[in-house]
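Biologist: Let's go through this one together, by question and answer. Please put it up on the screen and start with a term I'll need.

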Amino acid sequence: METRALGELTSPAQGLGCMGMSDFYGAGEDSESIAVIHRAIELGVTHLDTSDMYGPHTNERLVGRAIADRRDKVLLATKFGVVRDGSDRALRGDAEYVRQACDASLQRLGVDHIDLYYLHRVDPTVPIEETVGAMGELVAAGKVRHLGLSEASASTLRRAAAVHRIAALQTEWSLWSRDIEAEILPAARELGVGIVAYSPLGRGFLTGRFASREDLGADDFRAVGQPRFAEGNFEANLAIVAALRELAGERGVTAGQLALAWVQSRGSDVVAIPGTKRVKYLEENAAAASVVLSDEDVQRISAAVPAAVGGRYTEAGMASIDG
């Protein structure tokens, strides 16, 4: 698979988001999830993304088991900074917690270093300089190779980069989430920071898998925590899928593959990390890496796909987004 530059880190153009294997999208089966990770490595999708808050903690353990005998084949990324206690969540970015969180993640993953370590959400009560300074100490100690931020604003990214080299900014980017294009993307490129696009398939919506809200399980957080999946919004957003399907049909690809190709075509510093817990969807996603789009194609697709109805997160969810 083609490689991309995330700062000084080399990554395959497509990675694998592992969150849904353990949390948020309904029950998963560990053995099947491990099979997905192993197949991903075979396909060259070796950038694996997890976080200590997925589960919480269970997803890191799952990924650790999956890569125990093939650690040298993967780019391992995890995140810290969101502390879950039942349904309550808090943000922590203080230096003491940075060190504690990293040591705990290393233990759960069963590794001696993390390739890409992100601050999952910016703690507004702690200067970003303190957080990134402590993260930089982890690099000096050999526990972490490269640093990243997730959902950080352009100004925060600049302040962080003044403290330590930032390899990647992880943020939502897809045909129905283009917020980063106005300010954040230019700032990242000015600083030499790569983009890791999560939810490039709109949490599965852009694949056309969901014909109605009834297709979502009762324990699927999209049904209750995602405004774009809410009654009324869901039905309105089906127009996006219809437009994608028409364009994809012209190329003989699926709607999901075209949506992924659109993200992956946005630059040599962009890596998409679609998530799945099924081998068949992994293979479909990986095939999108070979779909080549010209600048004219990108513009046409961008113009043809209508804007999404509903916010990215609920009001409470958006409160944790730096900005």
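Modeller: Buried means under 20% relative accessible area, exposed means over 50%, and partly exposed is in between (1.4 Å probe, protein chains only). This is a predicted model: local features need pLDDT of at least 70, side-chain atom pairs count only at pLDDT 80 or more, and totals for chains, interfaces and linings use all residues. Residues are numbered from 1 along each chain as its sequence is written, and side-chain values use heavy atoms, without hydrogens or water.

Biologist: Let's try the term out, then. Is Ala289 buried, exposed or partly exposed?

Modeller: You'll find Ala289 in the loop between H10 and helix H11 (295-304); helices (H or I, at least four residues) and strands (E, at least two) are DSSP runs, numbered from the N terminus. Its relative accessible area is 28%, so Ala289 counts as partly exposed.

Biologist: How many Å apart in space are Ala289 and Phe221, C-alpha to C-alpha?

Modeller: Along the sequence, Ala289 and Phe221 are 68 residues apart. In space, going from C-alpha to C-alpha, the gap between Ala289 and Phe221 is 28 Å.

Biologist: On to the strands. Which are the edge strands of the open sheet?

Modeller: The open sheet has 8 strands with parallel pairing, in the order E3-E4-E5-E8-E9-E10-E11-E12. Two strands pair if DSSP finds at least two bridges between them. An edge strand here pairs on one side only, and that picks out strand E3 (16-17) and strand E12 (270-273).

Biologist: Now look inside that order, at E8 and E9. Which residue of E9 stands opposite Leu116?

Modeller: Strand E8 (residues 114-119) and strand E9 (residues 144-150) run parallel, joined by 5 bridges. Opposite Leu116 in this pair stands His146.

Biologist: There's a hairpin too, made by E6 and E7. What is the phi of Gly86 in its turn?

Modeller: Strand E6 (residues 82-85) and strand E7 (residues 88-91) run antiparallel, with 4 bridges between them. Val82 faces Leu91 across the pair. The hairpin leaves 2 residues between its strands, and Gly86, in the turn, has a positive phi of about 65 degrees.

Biologist: Let's talk charges. How many residues apart in sequence are the parts that Asp23 and Arg84 tie together?

Modeller: Asp23 and Arg84 form a salt bridge (a side-chain nitrogen of Lys or Arg within 4 Å of a carboxyl oxygen of Asp or Glu), and their closest N and O atoms are 2.5 Å apart. Asp23 sits in the loop between E3 and helix H1 (30-43) and Arg84 in strand E6, so the parts they tie together are separated in sequence by 61 residues.

Biologist: And what about Glu32 with Arg278: how many residues apart in sequence are the parts they tie together?

Modeller: The closest N and O atoms of the Glu32–Arg278 salt bridge are 3.4 Å apart. Glu32 is partly exposed, at 30% relative accessible area, and Arg278 is partly exposed too, at 32%. Because Glu32 lies in helix H1 and Arg278 in the loop between E12 and helix H10 (279-287), the parts are apart in sequence by 246 residues.

Biologist: One more pair, Asp94 with Arg92. Is Asp94 buried or exposed?

Modeller: Asp94 forms a salt bridge with Arg92, with 2.9 Å between the closest N and O atoms. Arg92 has 30% relative accessibility and counts as partly exposed. Asp94 has 17%, so it counts as buried.

Biologist: Last one: how many salt bridges are found in the whole structure?

Modeller: Some form a network, which links Glu151, Glu172, Asp179 and Arg312. Searching the whole structure gives a salt bridge count of 24.
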